[in-house]
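Colleague: I've got this model open and I'd like to learn how to read it. Can you take me through it one feature at a time?

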Amino acid sequence: MMRNYEGKKGMDSGLCPAVMDIIDLSKATCMEARKACDHISLLSLGKYKTVPAVVESVIRINKKDKIILHIQNEKTWRIAFSLCGVTLPKDEEPYSDEAFELLRRTIVHRRVEVLLETIDEDGYFVGSLLESNTHVAIPLLEAGLAKLLKYGTRLPINHLTKLFRVEKSAKTKKLKIWENHV
């Protein structure tokens, strides 16, 4: 499922990598994504080490949010990414469109740091995204448009503490998805 893709603008612009061959894993199977990990060097980076990337787009496919990232090391990789430990309302739930739009507005065409944790059954790379050393889920949690999942991530404790504090504040204020929370 690896294909070539030609970007339009340089990595320095914060948009797409320079016009060159890009190894496209955005529609890869789980097996293809796992094989590519060794070449991308994401999983072998160690605890709390991040890799720079640029967010190309945020799309929703089959009720799942998919973030398309460009990661550049010795080659440029286009990957499908999913946030770990955070869930947004699904299509049929209240505030789904608002949450999706806020995520899109917050990160599209931004430089981020990727902390990869695993690859899921759909071939998505799964982990955390940081922008300016802040988890990209913070605006969603602050607005009451996301929930933290019970299982943790490999984020440093200061990031996890902030995520839990922001979610607790939204619950206390009964914002959006928390309006009926007891």
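Modeller: Happy to. A residue counts as buried when its relative accessible area is under 20%, and as exposed when that is over 50%. Keep in mind that this is a predicted model.

Colleague: Okay, what share of the 182 residues in the chain is buried?

Modeller: Buried residues make up 48% of them. As for the surface, the chain exposes about 9500 Å², with carbon and sulfur atoms supplying 52% of that.

Colleague: And how many helices and strands should I be looking for?

Modeller: Four helices and nine strands. Walking from the N terminus, you'll meet them as β-α-β-β-β-β-α-β-β-β-α-β-α.

Colleague: Let's pick a helix. Which residues of α4 are buried?

Modeller: General idea to start with: an α-helix has 3.6 residues a turn, so residues three or four places apart point the same way. Now the case here: His159, Leu160, Leu163, Val166, Glu167 and Ala170 are buried in α4. They sit on the same side of α4, because they cover an arc of only 130° around the axis.

Colleague: What does that buried side pack against?

Modeller: The buried residues of α4 pack against β7 (125-131), β8 (134-135), α3 (138-142) and β9 (147-148). Turn the helix round, and the face away from the buried side carries exposed residues: Ile157, Asn158, Lys168, Thr172 and Lys173.

Colleague: What span should α4 have, going by its residue count?

Modeller: At 1.5 Å a residue, the 17 residues of α4 (157-173) should span 24 Å, and the end C-alpha atoms are 24 Å apart, so the two agree. Just after α4 comes Lys174, with a positive phi near 55°.

Colleague: Now a loop residue. Is Val136 buried or exposed?

Modeller: Val136 is in the loop between β8 and α3. Its relative accessibility is 3%, so Val136 counts as buried. Skipping neighbours within four places in sequence, Val136 is in contact with Leu83, Thr106, Ile107, Val112, Leu129, Leu130 and Glu131.

Colleague: And how far is Val136 from Leu163?

Modeller: They are 27 residues apart in sequence and 10.0 Å apart in space, C-alpha to C-alpha. For the whole chain, take the contacts with a separation of 6 or more: 63% of them join residues 24 or more positions apart.

Colleague: Last one: how many aromatic pairs are there?

Modeller: A pair of aromatic rings is described by the distance of the centres and the angle of the planes. With centres required to lie within 6.5 Å, the count here is zero. There is a charge to look at, though: Lys64 lies over the face of Tyr124, at 4.2 Å from the ring centre.

Terms used. Residues numbered from 1 in each chain as written. Predicted model: local features only at pLDDT ≥ 70, side-chain atom pairs only at ≥ 80, totals over all residues. Heavy atoms only, no water. Helix = DSSP H or I, 4+ residues; strand = E, 2+ residues; numbered from the N terminus. Buried < 20%, exposed > 50% of the residue type's maximum accessible area, 1.4 Å probe, protein only. Contact = heavy atoms within 4.5 Å. Areas by Shrake-Rupley, 256 points an atom, 1.4 Å probe, with all protein chains shown as cover. Expected span 1.5 Å × (residues − 1). Arc of directions from axis to C-beta. Phe/Tyr/Trp six-rings, centres within 6.5 Å; stacked < 30°, edge-to-face > 60°. Lys NZ or Arg CZ within 6 Å of the ring centre and 35° of its normal.
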